[in-house]
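Colleague: Please take a close look at the helix packing for me, and add whatever helps to place it in the chain.

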Amino acid sequence: MESVSTIEEIIQTVQRFRILSVGRSGVGKSSLINSVFRMNDARVSHFKPGEADIQQEFTSQDNPYFVLHDSKGFETGDLATFETVRQFIVGRSNEELELKEQLHALWLCTETPTAGGRVFEAGDEKLLQFLHGFRSQIPVVIVFTQYDKLVRTKEAELLEDDEGIDSAALKRKSEKEAGKAFEICVQSLQRTMDRLKIPMPYYVKVSVRPHYQEDVSALVEVTRSIVEERLNEEAWIMWAIAQRASLPVKINACVTKGMSYYSRLLAGSVPGIGQILLRACLAEVHKDIIRCWNFKSEVLNGEEFNQLMLHLVQDVQVTPNVSTSPTIDTISQFVTLVTAASAPIAPPVAILGLSYIFVQWLSTAILTNASEVQRLLLVYTVDLIGVMRELFYFMLQPNKPLATWTELQEAFEAYERSRSRQQIHNSISVQGERIMTADGISEQVHYLVMEYLENQMSM
């Protein structure tokens with residue numbers, strides 16, 4: 001079975017994903033960092049053009065789960081910069097360092113050539129040779145930035161040849177011609193690697209302009225793949241938490257770690273089965289999954305959202321007595337009533353639309369290895385991932401730094417009405433009294449998410 005460390009424990013151990021960006025001033029590193037981590041205060045260009053302090057740690061209040069180091073690119077004959085980068089990599093790759101202090105990935109950024117220009121300087125080639133022979137396999141991705149400039153160059157060439165070309169044909173043909181030109185660039189990169197006698201590195205083309213989000217997501221996914229390949233599980237999970245551009249990477253991290261707390265209890269590595277309340281386990285699962293999505297929000301761990309999730313999942317245990325989801329006003333009223341010492345349970349349950357039988361069962365249920373407990377944990381985990389998936393779409397919109405009740409309510413309702421949610425609940429309900437192992441539960445979460453959520457993503 002996979003490691004059962006929780007997301008909370010991984011955050012405490014790794015703290016931040018540490019990444020080094022190398023590239024000349026003006027290639028778009030600041031914009032790229034802002035796009036991947038969804039923030040507004042990356043200051044890679046804080047120094048004067050051509051300057052950078054590789055030892056300085058750039059962190060962000062908007063996103064606390066990554067730390068950036070920046071290096072200027074290599075000019076012709078510039079041996080000092082290469083030596084600075086080499087020493088930094090060696091120092092941050094010391095196996096005696098804690099994982100949180102080690103370098104987790106390196107992006108070598110170069111502007112996408114628009115006129116068949118040279119891809120790399122001699123210093124870039126020397127860095128790749130060093131990294132290939134270095135004892136510690138640092139995850140490296142070559143990032144061809146500002147790909148949109150190549151597309152616009154091809155648009156200009158097409159317009160020069162045919163001023164009357166319609167906009168749809170211009171867009172289609174310019175993208176096709178840019179793709180051909182980029183393939184020539186990749187072939188040039190391959191010839192360089194052959195000459196240096198090193199394997200072809202991972203590479204991605206990106207632009208941070210609108211309509212190129214898929215390219216940014218591809219960079220995140222490639223980085224995740226190589227980090228997972230060369231480092232340990234904790235490093236790629238930390239990467240998944242820090243990034244805010246790739247929905248598949250977020251979902252995969254939730255699938256991998258969302259049930260870790262329960263799996264550990266079930267495996268007996270820590271006491272809990274037969275000793276703690278089921279709702280306490282649900283709270284831990286909820287907290288872990290929310291941390292993975294890394295949204296700036298004060299509502300996601302609140303009691304109101306917890307009750308909203310219970311409304312969503314209760315039909316796998318009992319037949320719900322209402323057909324519509326509660327509003328934030330009714331949820332707030334519910335929380336106020338149930339926190340009053342003298343309040344009877346039946347009225348607030350009716351307000352929220354929760355079955356009295358379900359709430360009564362949940363309020364006293366002990367965490368056991370029973371089918372009804374496993375069904376509830378399974379549906380809660382998958383539904384919460386589904387709601388967070390919908391919220392992710394809302395948070396991709398410009399000027400959405402904070403997830404409020406407005407976005408959360410819309411995301412919840414979108415998932416509640418979805419065909420995916422109904423399919424997931426039907427699949428779980430028909431499992432009957434089957435008891436699953438910890439591995440079996442993890443596999444079931446993976447199946448349900450991949451079958452009904454990830455396969456239906458529109459991104």
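Modeller: Happy to! The secondary structure of the chain comes to 19 helices and five strands (DSSP runs numbered from the N terminus, H or I of at least four residues for helices and E of at least two for strands). This is a predicted model, in which local features need pLDDT of at least 70 and side-chain atom pairs count only at pLDDT 80 or more, while totals for chains, interfaces and linings use all residues. Residues are numbered from 1 along each chain as its sequence is written, and side-chain values use heavy atoms, with hydrogens and water left out.

Of the 459 residues in the chain, 54% are buried (buried is under 20% relative accessible area, exposed over 50% and partly exposed in between, with a 1.4 Å probe and protein chains only). Among contacts with a separation of 6 or more, 74% join residues 24 or more positions apart (a contact is heavy atoms within 4.5 Å).

Let's start with helix 4 (residues 122-133) and its partner helix 3 (residues 79-92): they pack at about 25 degrees, with their axes 10 Å apart. Axes here are lines fitted to C-alpha atoms, for helices over the stretch in contact, and angles run from 0 to 180 degrees between N-to-C directions. Helix 3 and helix 4 are therefore roughly parallel (under 35 degrees; over 145 is roughly antiparallel, 65 to 115 roughly perpendicular and the rest oblique). Their crossing is right-handed, meaning that the near helix is turned clockwise from the far one by less than a right angle, whereas anticlockwise would be left-handed. Helix 3 brings Leu-79, Phe-82, Val-85, Arg-86, Ile-89 and Val-90 to the contact, and helix 4 brings Gly-123, Lys-126, Leu-127, Phe-130 and Leu-131. By class, that contact has eight nonpolar, one polar and two charged residues (nonpolar: Ala, Val, Leu, Ile, Met, Phe, Trp, Tyr, Cys and Pro; charged: Asp, Glu, Lys and Arg; polar: the others, Gly among them).

Helix 4 also packs with helix 6, at an angle of about 55 degrees and with the axes 11 Å apart. That angle makes helix 4 oblique to helix 6. Glu-125, Leu-128 and Gln-129 of helix 4 meet Thr-192, Met-193, Arg-195 and Leu-196 of helix 6, and these residues divide into three nonpolar, two polar and two charged. Beyond helix 6 (167-196), in the loop that leads to strand 5 (202-205), is Lys-197. Lys-197 has a positive phi of about 60 degrees although it is not a glycine, and at 72% relative accessibility it counts as exposed. Most residues other than glycine have a negative phi.

Helix 9 gives us another pairing. Helix 9 and helix 16 (residues 371-395) pack at about 160 degrees, with axes 11 Å apart, and are therefore roughly antiparallel. From helix 9, Leu-247, Lys-250, Ile-251, Cys-254 and Val-255 meet Ile-385, Arg-389, Phe-392 and Tyr-393 in helix 16. The contact of helix 9 with helix 16 has seven nonpolar, no polar and two charged residues.

Helix 9 (247-257) also helps to cover the buried residues of helix 1, as do helix 8 (233-242) and helix 11 (278-293). In helix 1 (residues 7-14), the buried residues are Ile-7, Glu-8, Ile-10, Ile-11 and Val-14. They cover an arc of only 160 degrees around the axis, which puts them on the same side of helix 1 (the arc is that of the directions from the helix axis to the C-beta atoms).
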